[in-house]
Amino acid sequence: MSAEATNPAAGPVAPTGPRRRSLPRIDLRRLGRAALLGPTARDRLPDAIGHVVEAHRAHYPDADIEPLRRAYVLAESSHRGQMRKSGEPYITHPLAVTLILAELGAETTTLTASLLHDTVEDTEVTLDQVGEQFGAEVRYLVDGVTKLEKVDYGAAAEPETFRKMLVATGSDVRVMSIKLADRLHNMRTLGVMRPEKQARIAKVTRDVLIPLAERLGVQALKTELEDLVFAILHPEEYDRTRALIADNAALPDDPLAEIAEEVRTVLRDAGIQAEVLIRPRHFVSVHRVARKRGRLRGCDFGRLLVLVGEDADCYGVLGELHTCMTPVVSEFKDFIAVPKFNLYQSLHTAVAREDGQVAEVLIRTHQMHKVAEAGVVALGNPYAPAPEDPADGERVDPTRPGWLSRLLDWQEGAPDPDTFWSTLREDLAQDREIAVFRPDGGTLGLPDGATCVDAAYAQYGEDAHACMGARVNGRLATLSTVLRDGDTVQLLMGQDPASEPSREWLEHAHTPAARIAIQRWLATHPSQEAEVEAERGPEAPSAAPRPAADVPATRPGAANAVVDQPGATVRLAGCCTPVPPDDVTGFSVRGGAVTVHRVECAAVARMKSSGRAEVGVRWGDTTECRVTLVAESFGRPHLLADLTEAIALEGAEIVSATVEPPSQQRVRHTYTLQLPDAAHLPALMRAMRNVPGVYDVGRVQTPGA
């Protein structure tokens, strides 16, 4: 069975929002027993769903309730004889789930599927029968929330059921709406289960269902689920929090009510029509505030909610409050201009009294409030075509957020249920999203803390293996750079189809999509690291470039530098590696030799300042030369081979080469090269810069030489 228990002994939970007072408390036990007495007349609305219909018509006055009647009759007859562990008729569970959704404003199709959501799993009713009687949409929703059999999947049944449900949610978010309401009623009725099973269900609810409710914006369900989980997993802290709330309620004075009345007066005098309500914090919220602030005061147990008609009125209210009362500027947030990723819109501010009490104020329109409470449920059927648009049969969800798209992408690559389950929990634990911009004006939605590695895989998928680096806000950045909301990211991609990711990237991959793609590649290329080390050669561990300080100009084929000191041995300085037609100068050194430097070399300035006499130098007729170049690059496999090939194609001979160990994914290569003609040097440097991954090539400058 899908729901198995009675009411918890956890105690009352704080209200999560204003309830509709016209509806009396519903006795599900009585309704369930009534359902067992026999089938209802075909043409008459069953009494058991009267409350569901009343709640539904409060949102949809013209709704056709015939599908609800037929769905109830099928569900009641199918579940007849089945009992919950509490002893209640099983039909009370789908009735309760459907009532939760009806009060949130779900449309008829969702409510119909909700009444039937356990029939395929727990009775002889088949999906084909559901489709024949209620249509393809209801069939899809019921299938989306139907669990996979443990007989077939064993221990993987739960994670694979969630995977199936999330994939279905990607095509229709109403699947998850039904699941959340289903879990809420099960959590309300968890008390007769063994403590260890209660704890297991509560932990899955905490790690998976509550974050999903937050992402879909269904705050009314999320806050009550949080309180129920809190009561089960932390009973002592729950009891202390409940005592704090009870003690505050018993106080004769309510500072929040006094501030609310002051706000009403300010808005009334300004001619702004607004409804000012007190929103009590739910238990978990009070607990968090207590941990943050220590001793709680009256205004800490709730917030003020101001509801207006139009968006512009929200800013009008804000202006009046900040003008006529004392605002706490640091508490201001504008989620209307920049909505949260879960559709939430509101203005947040706070005002202070003379006694130091601070009241938080939420300002929103009635429509914003509906969406803030019910999230995607409040959007009705997001797939219904607009009146002017023909239905084309495509399921395009305009509300599908970026986090869901990313989740659906990476889950395909999860190699096994355990990896999927653990990665899902990690992904959902990231409760803040940022937006970064591409140079073409597009945006990427990423979790807070994401790096350039994550941006690469979010934009290019597995083609991101060829990413060599990035520019963040126009400046060169390593792939490990953590991105901030609003950054502009240009990803530098190589052209080699055989490009490979680095194992170091795993340390900087924050999103499941990036980690899974890198891990999958590494798993299929286990020898890659050995190949890279072999390619780097024995000089790879060197911690610093080791160009020779002086390279004798008398080497056969070297550039012919002629000095104004007859008989002197001429050496070309390794610190600046002069070549024709560089402007050069010389200095005498021990042994009667003259060292030749480029005139802009730092060593020249130091020797001149110390009083060393210069020796005149000019280039002779020989065009051959030796030069030391430094190439700065992003680390990638085969880069050394590609660079040496580019050098060879330009006709240069490699005298020596040094490759430093990668630092933050950057690699420094130092080459001493023999060129047949100094005039070829610019072309050689261009060829090296054109190697994928290389972002700079320059003549060596060694200040200490």
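Okay, let's start with a pair of strands: arginine 303 forms a salt bridge with glutamate 360, and their closest N and O atoms are 3.9 Å apart. That pair ties together distant parts of the chain, with arginine 303 in strand E2 (residues 302-308) and glutamate 360 in strand E6 (residues 358-365), 57 residues apart. Bear in mind that this is a predicted model.

How exposed are the two partners? Arginine 303 is partly exposed, with a relative accessible area of 27%. Glutamate 360, at 16% relative accessibility, counts as buried, because the cut-off for that is under 20%.

So how many salt bridges are there by this rule? The count comes to 31. As a reminder, side chains of opposite charge can pair when their charged atoms come close.

Next one: glutamate 224 and arginine 188 form a salt bridge, with 2.8 Å between the closest N and O atoms. Here again distant parts of the chain are linked: glutamate 224 belongs to helix H13 (residues 219-233), arginine 188 to helix H11 (residues 174-188), and they are 36 residues apart. Glutamate 224 is buried, at a relative accessible area of 12%, while arginine 188 is partly exposed at 24%.

Let me stay with H13 for a moment. Is this helix enclosed or open to the outside? Well, 14 of its 15 residues are buried, so H13 is largely enclosed by the rest of the structure. Its length works out too: at 1.5 Å a residue, the 15 residues of H13 should span 21 Å, and the end C-alpha atoms are indeed 21 Å apart.

Two more items on charges. Glutamate 214 forms a salt bridge with lysine 222, the closest N and O atoms being 3.2 Å apart, and both glutamate 214 and lysine 222 are buried. Then there's a network of salt bridges, which links Glu107, Glu137, Asp172 and Arg174.

Now over to the nonpolar side. The largest nonpolar core has 76 residues, and Leu116 and Leu424 are the ones that touch the most other members. Which helix gives the most to this core? That's helix H12 (residues 195-215), with 8 residues. If you leave out residues up to four places away in sequence, leucine 116 touches Ala71, Leu74, Ala75, Val130, Phe134, Val138 and Val142. There's also a second, separate core of 26 residues, and among its members are Val453, Tyr457, Val489 and Ala514.

You'll have noticed Val130 and Phe134 among the contacts of leucine 116. Those two sit in helix H7 (residues 127-134), where Leu127, Val130 and Phe134 are buried. Looking down the axis of H7, the buried residues fall within an arc of 60°, so they line one face of the helix. The general reason is that an α-helix has 3.6 residues a turn, so residues three or four places apart point the same way. And what covers those buried residues of H7? The cover includes helix H3 (66-79), helix H5 (108-115), helix H6 (119-122) and helix H8 (136-145). Just after H7 comes glycine 135, which takes a positive phi of about 100°.

Last stop, further along the chain. Leucine 639 lies in helix H26 (residues 639-649), and leucine 639 is buried, with a relative accessible area of 3%. Its C-alpha atom is separated by 9.7 Å from that of valine 667, with the two residues 28 apart along the chain.

Methods. Residues are numbered from 1 along each chain as its sequence is written. This is a predicted model: local features need pLDDT of at least 70, side-chain atom pairs count only at pLDDT 80 or more; totals for chains, interfaces and linings use all residues. Side-chain values use heavy atoms; hydrogens and water are left out. A salt bridge is a side-chain nitrogen of Lys or Arg within 4 Å of a carboxyl oxygen of Asp or Glu. Helices (H or I, at least four residues) and strands (E, at least two) are DSSP runs, numbered from the N terminus. Buried means under 20% relative accessible area, exposed over 50%, partly exposed in between (1.4 Å probe, protein chains only). The expected span of a helix is 1.5 Å times one less than its number of residues. A nonpolar core is a set of buried Ala, Val, Leu, Ile, Met, Phe, Trp, Tyr and Cys residues joined through side-chain atoms within 4.5 Å. Contact means heavy atoms within 4.5 Å. The arc is that of the directions from the helix axis to the C-beta atoms.
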